[in-house]
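Reader: Could you take me on a close look at a single part of this model? I would enjoy one connected account, starting from one residue and moving outward.

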Amino acid sequence: MGALREFTKGFSDQLPPFRLVLGLCPTLAVTTSASNGIGMGLATTFVLTFSNILVSLLRNIIPAKVRIACYIVLIATFVVTVELLLKAFFFPLYQRLGIFVALIVVNCIILGRAEAFASKNGILYSTLDGLGIGLGFTLSLTFLASIRELLGYGTIFGIKVMGQGFEPFRFFIKAPGAFVTLGILLYLMNYFRSLKEKGKI
Amino acid sequence: MKEIIRMIVVTTIISAFSAAWLGALNKGLEKRIIKQEDIYIRGPAIKELLAGAPNDPLSDRIIIKDGEKEIAVYPWIENGRIKRIAVEWAGKGGYGGDVIVMTAVDLSNYKITGVKVTQHKETPGVGTRAMTPSYLRRQYKGLYAKTKIRLKKDGGQIDAVSGATHSSEAIADAVNKATKFILAHKDEIIKEIKRQ
């Protein structure tokens, strides 16, 4: 695949979590507001990109039998890095994301791309893969979070959007609301994709 | 054999670089992070414990050396007199690690006027039941700083919250150490504050 394709696949057929069904934990937990969604997405993108770069850089040095352990050390290093950067420069976001920053270590997307792609490809492609899939994830999180925030609080990014008579559905802010919203979006995406494939759109 | 050596060496070197990098980053960002914690965590806690102070306890704070550590003391200054001070301390024995607590003491009678947890890793809904304002007020407010602040099961006067023993113990430890520090350095504290 060309370099551009490696980057854009993260927004189309490898879009997490809708096409690349990974990273559901933070998707459900942190999408309670659009700004949280963007913050979490960008933090994950940072870790994913740098871990892909380092795994690719060291792919011929790390012995196969200890590769998972080494990948986790690298991933955890970047997660702590992002945690320190958040604490130093975006403290309120760090407070809102809470333990989920540390949980980026076990986000399946990151270990998944390290094992499936970065360990077998060059640095340029691995960087683009990380950036593309990370930013695609950020887009998904922000989109999902905007819907939940809109229906659950009546705002987007803190700005009041719904009119006076709107009664917020707190349901969408809680865990069951996350599952329902994600499920409906997944269904709609698959439905429209199947219509497109059959030539009906 | 060669394979095993290589596995050990590579993993160790990667871990060593990781540790070195994170150590350096932590040191480099330390001052900035402390400032952020002042603004978002300590500030609100001090505002609550020293509510009514005509000065700004956060900016009027003084640093007292306790061995190698530097301890910040936040004063309530009214009409040239120091009414109360607040000190933050980490209590050991928490379920998830240290529990960091801010303790406020009245300097006229050395009684505790308030206690507030600022940072912790306790289990939400379980350990946090030992951090509610009503529990902390009932257990700690009015105690003399001189007394050894311990849980009743350790011979003190503090009731632990059932099911949250570790959290209660860590908080008691933090308050105890804070009050001990205040009493041990009270002359130095008063002198430093008056100097400002």
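Author: Happily! Contact here means heavy atoms within 4.5 Å. Please keep in mind that this is a predicted model.

Let us start with B:F181, which sits in helix α3 of chain B, a helix covering residues 165–184. Is B:F181 buried or exposed? Its relative accessibility is 3%, and buried means under 20%, so B:F181 counts as buried. Leaving aside residues up to four places away in sequence, B:F181 touches B:I64, B:D66, B:I71, B:V73, B:V87, B:W89 and B:I189. B:M7, by contrast, lies 174 residues from B:F181 in sequence and 49 Å from it in space, C-alpha to C-alpha.

Now for the sheet. In chain B, five strands form an open, antiparallel sheet, in the order β1-β2-β3-β4-β5. The edges belong to β1 (62–66) and β5 (111–119) of chain B; each has a single partner strand, so one side of each is left without a neighbour in the sheet. On average, neighbouring strands of this sheet are turned by 30° against each other, direction ignored.

Within the sheet, strand β3 (residues 81–91) and strand β4 (residues 99–106) of chain B pair over eight bridges in the antiparallel sense. Looking across to β4(B), you will find B:V105 opposite B:I85.

And how does the helix come in? α3(B) packs on the sheet, where it touches β1, β2 (69–78), β3, β4 and β5 of chain B. The direction of α3(B) makes about 135° with that of β3(B).

Technical notes. Residues numbered from 1 in each chain as written. Chains lettered and ligands numbered in written order. Predicted model: local features only at pLDDT ≥ 70, side-chain atom pairs only at ≥ 80, totals over all residues. Heavy atoms only, no water. Helix = DSSP H or I, 4+ residues; strand = E, 2+ residues; numbered from the N terminus. Buried < 20%, exposed > 50% of the residue type's maximum accessible area, 1.4 Å probe, protein only. Pairing = 2+ DSSP bridges. Axes fitted to C-alpha atoms, helices over the stretch in contact; angles between N-to-C directions.
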